[in-house]
Amino acid sequence: AEIVGEETAELTLPPDVPPPIERDHATKLIANMEVIEKEMRLADGVTYTMWTFGGDVPGKFIRAREGDMIEFHLQNHPDNKLPHNIDLHAVNGPGGGAESTFTAPGRETVFTFRALNPGLYVYHCATAPVGMHIANGMYGLILIEPAEGLSEVDEEYYVMQSEFYTEGDYGERGLQPFDMDRAIEEDPEYVVFNGSVGSMQGENAITSERGDQVRLFVGNGGPNLTSSFHVIGEIFDKVHYEGGDRVQNNVQTTSIPAGGSAIVEFETEVPGNYILVDHAIFRAFNKGALATLAVSGEEDENVFTGQQLEQVYQPEGGAVQEIPQEERTIPAAETLEEQMEYGREVYTSVCQACHMQDGTGIEGAFPPIANSDYLNENPDRGISAVVHGLSGEITVNGETYDGVMPRQNLTNEEVANVTTYILNSFDNEGGRVTPGDVERIRE
Ligand code: HEM
Ligand code: CU
């Protein structure tokens, strides 16, 4: 195809994607990418010196058209400490451009390549030690739209998974240095979407409206792990697996290799929060690979009803009158020490699954009951959450939660003990709850 005209590409920071290409011809497209090394948030209280393409992790999203002649400018900021380069998987040519773009701090290099193959491609730094440059955040996505364009959708987002290998364990505060041994072992402390824990949660959640068509450009920067990419509660209507032309329909989980991608598309039929995860699930709930897609709009009971019934279940039929749990006897706790001991047993067997052993909960899903302003302001709320359950929006220590805590089937004694236990643990402000208090809240 003939090259007509010249323009400068608009690059976007995650989770945004540049607008679809309207051109019906190939052009000379100028792409400017500046490498910036800077300390950034990895998780609450945790920072990391990120090496970035364009100031964020993942790097800026590049959108071009099949046939474009891309003049690529790589600028290495003068304040940086190291040389960098770029290998774009969309390039046909040695090193994907790596040798051509080796750039010292305070320098700029330029090379040109033809976008021959449409698809969604990863780019990354390939300066030695390559693994370390990638582990420090040097990756992003470049989309080469096919000449005929992509189908029209309502929302497009840029999501990229990657791992961080820190010297401190998950959550350990402060500026965390890179840990080469952990990287070689492929044993990351963090697995995240878009460069940090919680990058797309709360007010930063990505959004859509009921009935919208959503397209996610999903990449995996690695450096090591393959992603089992999944959206809880959604089915991908279409997946351009491996970022190529072929489409697979009706997919639950798609595999995205390190240095690979996928384009997933689905309609959001039902309002609510949908959680993006790596379904290698400990990475999601224990290493950070969680993000939220918040869908607004009217319910559609033809697709999903929500809970319609919750009642006593008696497998033996009406003859069984007693709920066996009533017979369970635990010794009545007299002292605070006894309440704490019995309460801790209840906590371990019932509450810990969601609120975690140390009461810190799970960001975006289960609120902390450690040092909880919500609980300390009125301890009856703790009793009520346990005996009645709790749902709807609440704010705990400045974070909003909109989840559902199921009502727990526990005796008044047990509830008194477990709430006393949490009030006197995890930095909470203390207090005692009696079975009488529980009875009062139950009524
Ligand atoms: C909220 C305690 C079990 C999920 C809360 C709150 C307390 C609490 C005090 C209020 C918010 C806060 O202070 O952080 C307990 C205790 C439990 C228990 C003592 C055991 C007896 C569970 C379990 C789950 C769960 C098993 C998960 C299945 C939640 C959720 C919320 C919450 C999602 C927030 C609800 C909303 O957003 O409205 N819990 N919890 N809890 N809990 Fe639990
Ligand atoms: Cu680099």
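## A walk through the predicted model

Visitor: Which residues in H8 do Asn412, Glu413, Val415 and Ala416 in H7 meet?

Guide: Bear in mind that this is a predicted model. Asn412, Glu413, Val415 and Ala416 supply the H7 side of the contact. Across from them, the H8 side is made up of Pro435, Val438, Glu439 and Arg442.

Visitor: And how do H7 and H8 lie relative to each other, parallel or perpendicular?

Guide: The axes of H7 (residues 412–423) and H8 (residues 435–442) come within 8 Å and cross at roughly 105°. Angles of 65 to 115 degrees count as roughly perpendicular. That crossing therefore makes H7, relative to H8, roughly perpendicular.

Visitor: Over to strand E7: which of its side chains are buried?

Guide: In a regular strand, side chains switch between the two faces of the sheet. E7 (residues 108–114) alternates like this, with Glu108, Val110, Thr112 and Arg114 pointing to one face and not buried. Pointing to the other face, and buried, are Thr109, Phe111 and Phe113.

Visitor: What is the bridge partner of histidine 73 in E7?

Guide: Strand E5 (residues 69–76) runs antiparallel to E7, and seven bridges join the two. For histidine 73, the partner in E7 is valine 110.

Visitor: What geometry does the site of the copper ion (ligand 2) have?

Guide: Its protein donors are His84 (ND1), Cys125 (SG), His133 (ND1) and Met138 (SD), at 2.0 to 2.5 Å. Cysteine 125 and histidine 133 are buried. Four donors count as tetrahedral if all angles lie between 85 and 135 degrees. Here the angles among the four donor atoms are 87 to 135°, so the site is tetrahedral.

Notes:
Residues are numbered from 1 along each chain as its sequence is written. Chains are lettered from A and ligands numbered from 1 in the order in which they are written. This is a predicted model: local features need pLDDT of at least 70, side-chain atom pairs count only at pLDDT 80 or more; totals for chains, interfaces and linings use all residues. Side-chain values use heavy atoms; hydrogens and water are left out. Donors are N, O and S atoms within 2.8 Å of the metal (3.2 Å for Na, K and Ca); water is not among the atoms, so sites may look incomplete. Four donors count as tetrahedral if all angles lie between 85 and 135 degrees; four count as square planar and six as octahedral if opposite donors are over 155 degrees apart and all others between 65 and 115; anything else is irregular. Buried means under 20% relative accessible area, exposed over 50%, partly exposed in between (1.4 Å probe, protein chains only). Helices (H or I, at least four residues) and strands (E, at least two) are DSSP runs, numbered from the N terminus. Two strands pair if DSSP finds at least two bridges between them. Axes are lines fitted to C-alpha atoms, for helices over the stretch in contact, and angles run from 0 to 180 degrees between N-to-C directions. Angles under 35 degrees count as roughly parallel, over 145 as roughly antiparallel, 65 to 115 as roughly perpendicular and the rest as oblique. Contact means heavy atoms within 4.5 Å.
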